[in-house]
Amino acid sequence: LVGYSLGGRLALGLACRHPTRCLGLVAVGAHPGMATQPERAARVRWEDERALALETQGLPAFVDGWEALPLFASQAALPTATRRAQRRIREAHDAGALAQVLRVLGTGRMPELELEECRAPIVLVSGEYDPSDAAAAAVARMPRARHVTLPGVGHNPLIEAPERLARLIDESCGVGSEARTLENHA
């Protein structure tokens, strides 16, 4: 499995709850969960505030605030065309659906993961400028996990360093070695 951000968190949940169904996982920018109840409560309040902002101020204002989060600060260095394309994707979402996602699937409300149950090989990928250090701490609780930090990248390596991320995913999934083996036999 490969997942980014919330998708990475969901994939990590699947790997932990159904260890025999997951052969391996690359989770990019995925937060493995809040460490304490006060952190969880603060996150739920923040997510509820964002959901209310979506409903009362509309999607463009929400996207303005979202893009201003420290989590995405490194994206300011991206080419203008890339930033505009990302903005169009964000503004194409449905405000009501996003508000519901924040209220149901936000990090503060997602169940605690039994990270020790994750038996598949797992690679947690973080950008150097991603402010969360939760992935690095979570690796210690997972028997077959490693943490990779991509230098010069923030929370979204999919747009900040797509070639490096693709190479890392290929290597983590064994694609690179299979391709080299096939080339050697051709």
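Which residue of β3 is the bridge partner of V26? In the predicted model described here, the bridge partner of V26 in β3 is V123, and this pairing offers a convenient entry into the arrangement of the strands. Strand β2, which covers residues 25–28, runs parallel to β3, and the two are joined by 4 bridges. On β4, the residue that stands opposite V123 is R146, so that V123 has a partner in β2 as well as one in β4. The pairing of β3 with β4 (residues 145–150) is likewise in the parallel sense and extends over 6 bridges. Helix α6, made up of residues 134–139, combines with β3 and β4 into a β-α-β unit that is right-handed.

The surroundings of β3 can be described residue by residue. Of the 6 residues in this strand, 6 are buried, and β3 is therefore largely enclosed by the rest of the structure. The burial concerns both faces of β3, since I122, L124 and S126 are buried on one side, while V123, V125 and G127 are buried on the other. One of the elements that packs in this region is helix α1, whose buried residues pack against β1, β2 and β3. Helix α1 consists of 12 residues, 6–17, and spans 16 Å from its first C-alpha to its last, a value close to the 16 Å expected at 1.5 Å a residue. The buried residues in α1 are G8, R9, A11, L12, G13, A15 and C16.

The residues that precede these elements also deserve attention. L1 is located in the segment before β1, a strand that comprises residues 2–4. L1 has a relative accessible area of 46%, a value between the cut-offs of 20% and 50%, and is therefore classed as partly exposed. Neighbours within four places in sequence set aside, L1 contacts A11, L14, C22, G24, L25 and V26; A11 is among the buried residues of α1, and V26 is the residue whose bridge partner in β3 is V123. By contrast, the C-alpha atoms of L1 and A68, which are 67 residues apart in sequence, are separated in space by 30 Å. In the loop between β1 and α1 lies S5, a residue that is partly exposed at a relative accessible area of 23%. The backbone angle phi of S5 is near 55°, which is a positive value in a residue other than glycine. Most residues other than glycine have a negative phi.

At the other end of the connection into β3, P121 belongs to the loop between α5 (95–105) and β3 (122–127). P121 is partly exposed, its relative accessible area being 34%. When residues up to four places away in sequence are not counted, P121 touches L23, G24, L25 and R144, and two of these residues, G24 and L25, also appear among the contacts of L1. G58 lies 63 residues from P121 along the chain, and the distance between their C-alpha atoms is 41 Å.

A further group of interactions involves aromatic rings, for which a search of the whole structure finds 3 pairs. W46 and W66 make up a tilted pair, with 6.1 Å from centre to centre and 35° between the planes. This pair links distant parts of the chain, as W46 belongs to helix α2 (residues 37–57) and W66 to helix α3 (residues 59–67), with their positions 20 residues apart in sequence. W66 is partly exposed, with a relative accessible area of 23%, and W46 is likewise partly exposed at 23%. A second tilted pair is formed by W66 and F72, whose ring centres are 5.9 Å apart and whose planes meet at 40°. Unlike W66, F72 is buried, because its relative accessibility of 6% falls under the cut-off of 20%. Together, W46, F62, W66 and F72 form one aromatic cluster.

The ring of F72 also takes part in an interaction with a charged residue. The charged end of R90 sits over the ring of F72, at 4.8 Å from the ring centre. R90 is part of helix α4, which covers residues 80–91, and is buried, with a relative accessible area of 10%. Apart from its neighbours within four places in sequence, R90 is in contact with L59, V63, W66, E67, F72 and Q75. These contacts include W66 and F72, which are both members of the aromatic cluster.

Technical notes:
Residues numbered from 1 in each chain as written. Predicted model: local features only at pLDDT ≥ 70, side-chain atom pairs only at ≥ 80, totals over all residues. Heavy atoms only, no water. Buried < 20%, exposed > 50% of the residue type's maximum accessible area, 1.4 Å probe, protein only. Contact = heavy atoms within 4.5 Å. Phe/Tyr/Trp six-rings, centres within 6.5 Å; stacked < 30°, edge-to-face > 60°. Lys NZ or Arg CZ within 6 Å of the ring centre and 35° of its normal. Expected span 1.5 Å × (residues − 1). Pairing = 2+ DSSP bridges. Right-handed = clockwise from strand over helix to strand, strands pointing away.
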